[in-house]
Amino acid sequence: MTNWSCDFGNIIIGTTLKKIFKFKNNGALALDLNFDTKNSKLMNYTISPENVSKMAPGDEVQVMITLATKKNMKYGKSKLVVPIEIKN
């Protein structure tokens, strides 16, 4: 399984930060992407869209990951792993 990292850097408690990722279908068949967001929601991350259906060959989609920090969050590094199910 391949892993990618996204470093949000230092964030001030009580603020929101967004990152945008591009996914491209380099294959010959349409595919679906499904992001498992159970853990991300518990850690104040949101992923939009959570699902992408029938992505045609050559198509690209942008996915936004948002981290909304809260005043009661712990200081220091946080790590989130989001499984992505790919079907064709």
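**Entry 1. Charged side chains**

I began with lysine 87, which is partly exposed at a relative accessibility of 42%. I note at the outset that the model is a predicted one.

I then looked up the partner of lysine 87. Its side chain meets that of glutamate 85 in a salt bridge, with 3.7 Å from N to O. Glutamate 85 is partly exposed as well, having a relative accessible area of 41%.

How many salt bridges does a search of the whole structure find? I recorded two. Besides the pair at lysine 87 and glutamate 85, I found lysine 41 and glutamate 50 joined through their side chains, at 3.2 Å from N to O. For glutamate 50 I noted a relative accessible area of 29%, so this residue counts as partly exposed.

I also looked up the charges of the protein as a whole. There are 13 positive and 7 negative side chains. The centres of these two sets lie 10 Å apart.

**Entry 2. Overall build**

I listed the secondary structure as one helix and six strands. Read from the N terminus, the order of the elements is β-β-α-β-β-β-β.

For the dimensions, I took the box filled by the C-alpha atoms along the principal axes, and it is roughly 45 × 20 × 20 Å. The accessible surface is about 6,900 Å². Carbon and sulfur atoms hold 52% of that surface.

I noted that the protein has 88 residues, of which 20% count as buried. I then turned to contacts with a separation of 6 or more, and 67% of them join residues 24 or more positions apart.

**Entry 3. The nonpolar core**

Which residues form the largest nonpolar core? I counted twelve members: Phe8, Leu31, Leu33, Phe35, Tyr45, Ile47, Val52, Met55, Val61, Val63, Ile65 and Leu67. Strand 2 (31-35), strand 3 (45-48), strand 4 (51-55) and strand 5 each give two or more residues to this core. The largest share is the four residues from strand 5.

I followed one core member, valine 63, to its contacts. With neighbours within four places in sequence left aside, valine 63 is in contact with Lys19, Ile20, Phe21, Phe23, Phe35, Ile47, Ser48 and Pro49. Two of these contacts, Phe35 and Ile47, are also listed in the core.

Next I looked up threonine 66, which lies in strand 5. Is threonine 66 buried or exposed? Its relative accessible area is 11%, and it therefore counts as buried. Leaving aside neighbours within four places, I found threonine 66 in contact with Thr16, Leu17, Lys18, Asn44, Tyr45 and Thr46.

**Entry 4. Backbone details**

I checked the peptide bond from serine 48 to proline 49 and found it cis, with omega near -5°. Proline 49 sits in the loop between strand 3 and strand 4.

I then noted two residues other than glycine with a positive phi. For asparagine 44 the value is about 70°. This residue is in the loop between helix 1 (38-42) and strand 3, and it is one of the contacts of threonine 66. For lysine 54, phi is near 50°. Lysine 54 lies in strand 4. At 70% relative accessibility, lysine 54 counts as exposed.

**Entry 5. Methionine 73**

Where is methionine 73 placed? I located it in the loop between strand 5 (60-68) and strand 6 (84-87). Its relative accessible area is 22%. I recorded methionine 73 as partly exposed because buried means under 20%.

Not counting residues up to four places away in sequence, methionine 73 touches Ile13, Met43, Asn44 and Ala68. Asparagine 44 thus appears again, having been noted for its positive phi.

I also compared sequence with space. Methionine 73 and glutamine 62 are eleven residues apart in sequence, and their C-alpha atoms are 28 Å apart.

**Entry 6. Glycine 9**

I closed with glycine 9, which lies in the segment before strand 1 (16-24). At 43% relative accessibility, glycine 9 counts as partly exposed. How many residues separate glycine 9 and lysine 77 in sequence? I recorded 68, with 8.9 Å from C-alpha to C-alpha.

Key: Residues numbered from 1 in each chain as written. Predicted model: local features only at pLDDT ≥ 70, side-chain atom pairs only at ≥ 80, totals over all residues. Heavy atoms only, no water. Salt bridge = Lys/Arg side-chain N within 4 Å of Asp/Glu carboxyl O. Buried < 20%, exposed > 50% of the residue type's maximum accessible area, 1.4 Å probe, protein only. Contact = heavy atoms within 4.5 Å. Areas by Shrake-Rupley, 256 points an atom, 1.4 Å probe, with all protein chains shown as cover. Lys, Arg positive; Asp, Glu negative; His and termini not counted. Charge placed at Lys NZ, Arg CZ, Asp CG, Glu CD. Core = buried A, V, L, I, M, F, W, Y, C linked by side-chain atoms within 4.5 Å.
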